[in-house]
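Hi,

Here is the structure I promised to pass on to you. Please open it alongside this note, and I will walk you through what turned up.

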Amino acid sequence: MQDAPGAIVAFEHVTKRYGGPDTPPAVDDLSLTIPAGEICVLVGPSGCGKTTSMKMVNRLIEPTSGRITIGGEDVMSLPPVELRRRIGYVIQQVGLFPHLTIGDNVAVVPRLLRWKAPAIRDRTDELLDLVGLEPAAYRSRYPNELSGGERQRVGVARALAADPPVMLMDEPFGAVDPIRRDRLQNEFLRLQEKVRKTIIFVTHDVDEAIKMGDRIAILQRGGILAQYDTPAAVLANPASEFVERFVGADRGLKRLSLARVRDLDLIEAVPVRAGEERADVRRRLDRVEELDYALLVDAEDRPIGWIDQADLTGGGPIDAEAATPGAPTVEPETTLRDALSALLGSSVQLGVVVDDRGRAIGLVSVDAIGERLRAPVRSADGTLHAVGDPVEAAL
Amino acid sequence: MSEGEPFIRFDWIVDNLDEIAQRLGEHVLMVVASVAVGFVISFGLAIVARRYPRTHGTILAVTGTIYAIPSLALFVLLIPLTGLTVATGIVALVLYTLLILFRNIVTALEGVPPDVIEAANGMGYGAAQRFWRVELPIALPIVVAGLRIATVTTIGLVTVTTFIGLGGLGYLIINSGTRRFFPTSIYVGVLLCVVLAVLADLALLWIQRRLTPWARARQA
């Protein structure tokens, strides 16, 4: 089955009040557009209206005023029950039906849509496979025989069953422990690479928002949209004091977790092998201004340690014993946050970037990482902003 | 015990097998009819109580009060309405099942986890579909537990209807047993009552297990 791509979801001046016109709104004049195939994370403290906003998309909650469209079509144009069958829905407690097998749980929406039995069976197996659960082993089991993480995967498979263009996820990984949560998040991001749904993801955890979101919408109490932008832009240029406080004082470090070593211009290392002439190495090292260390490598170019410029006086061959051991190695996929952490723990504060066979391909320095933090950041609308510039000031 | 009367007279049992079978049949019929009617009414009341939560307390109070009326007094109250007919017996027995069944059905439906309901709503179940395909199946074990209690209770209560000329096995225990003190008849009646109660209970348990295989599946 060819999965349908996501559809654009747009909120247009959506307001929700639970009481009369004099009551404070739960969601206040919310307008935002989520591009097709992207993950938009609604994040904010409790009472900010994030869940209310999400539930208005499938009309579990009806807006007081304003309009929500999916692929240009007003959600009010369909009966709620039909609308909901076209929108995937994943909740924190998963809500699997205990009386149905895993296969039947996944088949719930296709059955409601009266698909033919063979099509349902094929689709169920395909989805279990997609979320990494062997269909033959899981199909006939009941939810209470599964672990929390497995149940969450079934929940995602169930939401994807009828191939909806849009998925709503309400703190989907909130009930699992941090280690499993991290794994489920990574799995889900890989899955999204394949299915490319438009996803509205609710969380109160700003780290999860930064990790999962193509864009994040930060809401504040009273359902006011404080900022809507890419995670990098929100972290680099919080639109208000509220956003700044909400993303945390460590937002610089958080930005580092968004970039990877491969995004940096690597410094070329000066590799040396044991036995080379000191004078030679000294000459080569002198040519590289920002580098005070040569990198001692083995016969396969794998890093062993650093040779300090100060130890290169005189002549004779390089002695492997003279090297400062323990050059931290990072991979191109390592986040800058993890790279920085590795570098700060070592005496030389340089990291060796290695390829998948462990061969040195370049160096990364604490300075280069710091420079990256100071570089201008592109907003979702394409404009470049210097870091720290409030967005308003740049407009 | 009268002089010379043996503890149990097997010859009497053999001679009266027809009568014993007939009383047993009556007994079973009254139990099945009462519990079935009681279940239908309780189920309806439970749906009303869920739909209109304010009625819950009232229904509970009324069924509870009925439950507290001694059975003989209830017959006396009913005789002007239905006379000395089988209807009086069934109506009384039905009334006694209401409290047990209603309370169990409501508790069972309330026990359906809220996240399951939310998931059902979010996936596009209509209210009726959700009730029949999700809530009721999940509530089933507790509903059947209520049926088991009601059935066993009713099997005991049927004997009391002897006093209005019915009674099933109660006829053997009370009428022929007390008219001229005759223990064999009492033993047969009591024994069959107990066996019937145990068998009914096991049968319902078996049905429940068949209908809810998921309830036994445990954490791997």
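**What was found**

Let me begin with chain A, where 41% of the 395 residues count as buried. Please keep in mind throughout that this is a predicted model.

The secondary structure of chain A consists of 16 helices and 19 strands. If you lay the C-alpha trace of chain A along its principal axes, the span is about 85 × 55 × 30 Å. Chain A is split into domain 1, covering 9-257, and domain 2, covering 262-372. The centres of these two domains of chain A, taken over C-alpha atoms, are 44 Å apart. As for how the chain A contacts reach along the sequence, take those with a separation of 6 or more: 65% of them are between residues 24 or more positions apart.

How confident is the prediction for chain A? The average pLDDT of chain A is 90, and 97% of its residues score at least 70. Among the elements of this chain, strand β3 (residues 39-43) of chain A has the highest mean pLDDT, at 97. The lowest mean, 42, belongs to helix α16 (residues 391-394) of chain A. Over residues 390-395 of chain A the pLDDT stays under 50, and the model has eight contacts beyond four places in sequence for this stretch. Where pLDDT is low, the predicted coordinates should not be read in detail.

Now to chain B. Which kinds of element does it have? Its secondary structure comes to nine helices and zero strands. The C-alpha trace of chain B spans about 75 × 50 × 25 Å along its principal axes. Of the 220 residues in chain B, 36% are buried. Among the contacts in chain B between residues at least 6 apart in sequence, 73% link residues at least 24 apart.

Two helix pairs in chain B are worth a look on your screen. For the first pair, the axes of helix α7 (residues 127-157) of chain B and helix α9 (residues 183-211) of chain B come within 9 Å and cross at roughly 170 degrees. That crossing makes α7(B) roughly antiparallel to α9(B). On the α7(B) side the contact includes B:Leu140, B:Val144 and B:Leu147, while α9(B) gives residues including B:Leu196, B:Ala200 and B:Leu204. By class, this contact of α7(B) with α9(B) has 14 nonpolar, three polar and two charged residues.

For the second pair, helix α2 (residues 17-51) of chain B and helix α3 (residues 55-68) of chain B have axes that come within 8 Å and cross at roughly 150 degrees. Here B:Leu45, B:Val48 and B:Ala49 of α2(B) meet B:Thr55, B:His56 and B:Ile59 of α3(B). The residues in this contact of α2(B) with α3(B) are four nonpolar, two polar and no charged.

Last, where do the two chains touch? On the chain B side, 19 residues are in contact with 20 residues of chain A. The elements of chain B that give two or more residues to this side are α6 (114-123) and α7. Helix α6(B) provides the largest share of it, seven residues. Sorted by class, the side of chain B that touches chain A has ten nonpolar, six polar and three charged residues.

I hope this helps you find your way around.

Best wishes

Notes. Residues numbered from 1 in each chain as written. Chains lettered and ligands numbered in written order. Predicted model: local features only at pLDDT ≥ 70, side-chain atom pairs only at ≥ 80, totals over all residues. pLDDT = per-residue confidence, 0-100. Helix = DSSP H or I, 4+ residues; strand = E, 2+ residues; numbered from the N terminus. Contact = placed C-beta atoms within 7 Å. Axes fitted to C-alpha atoms, helices over the stretch in contact; angles between N-to-C directions. Parallel < 35°, antiparallel > 145°, perpendicular 65-115°, else oblique. Nonpolar A, V, L, I, M, F, W, Y, C, P; charged D, E, K, R; others polar. Domains from an automatic or database assignment. Buried ≥ 20, exposed ≤ 12 C-beta atoms within 10 Å, placed from the backbone.
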